[in-house]
Amino acid sequence: MRHIISILMENEAGALSRVAGLFSARGYNIESLTVAPTEDTSLSRMTLVTNGSEEIVEQITKQLNKLIDVVKLVELTEGPHIEREMMLIKLKAERAHRAEITSLVEIFRGRIIDVTDTSYIVEMTGSVSKLDAFIEAVHEDLVVEVVRTGPSGIARGPKSLGV
């Protein structure tokens, strides 16, 4: 099962390495990882996506909580949450395909952010399934390159990761 773990941690050198080391030492895989400073510059928020049973994820969260850099941890998939992923995709956009691509981008509520004689770069934000559906809807011969951030998430309602 897919799990999204959100971690508030000290913004210090080596903190990310310690988290990644915890996963690799136990043979667990990190599917995606995003880290950025919070409104408090001494803290960073890490969003980590992994797969595993409830028991494995419980063990992971216990081990993460033991790390000195971790201030607070929430498993977002345990409750109501909102998650989004951002994607940049470069598409071949010869004259014959431009109208079709533009229409598809509008349907999926993306934005064309760069145009050249031969290509478009499209920016799209949404659920993992939305981004996957867009890629499937575009003819595979038109896809040049795909860059995805992996999901970021936040709990709905009163639950928060703040200190």
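The largest cavity in this predicted model holds about 40 Å³ of space. There isn't a long list to go through here: searching the whole structure turns up one cavity of 30 Å³ or more. Its walls are made by Leu91, Glu100, Ile101, Leu104, Ala137, Val138, His139 and Leu142. Sorted by character, the lining of the largest cavity comes out as six nonpolar residues, one polar and one charged. Glu100 is the charged one, given that Glu counts as charged, and His139 takes the polar slot, since His falls among the residues counted as polar. Helix H3, spanning residues 98-107, puts in the most, with three residues of the lining.

Leu91, one of the lining residues, leads over to strand S5, which covers residues 81-92. S5 has several pairings to its name. With strand S7 (residues 119-126), S5 pairs in the antiparallel sense, and eight bridges hold that match. Strand S8, residues 143-148, also runs antiparallel to S5, this time over five bridges. Then there is strand S9 (residues 152-155), joined to S5 by four bridges and again antiparallel.

A couple of residues help to place these pairings on the structure. Ile89 is a handy landmark: its bridge partner in S7 is Val122, while in S8 Ile89 stands opposite Val146. For the pairing with S9, the residue to look for is Arg84, which sits opposite Ser152.

Key. Residues numbered from 1 in each chain as written. Predicted model: local features only at pLDDT ≥ 70, side-chain atom pairs only at ≥ 80, totals over all residues. Heavy atoms only, no water. Pairing = 2+ DSSP bridges. Helix = DSSP H or I, 4+ residues; strand = E, 2+ residues; numbered from the N terminus. 1 Å grid on protein atoms, 1.4 Å probe; cavity = no way out; pocket = protein on both sides within 12 Å on 5 of 7 lines; lining within 4 Å. Points joined across faces, edges and corners; volume = space filled by probe spheres on them.
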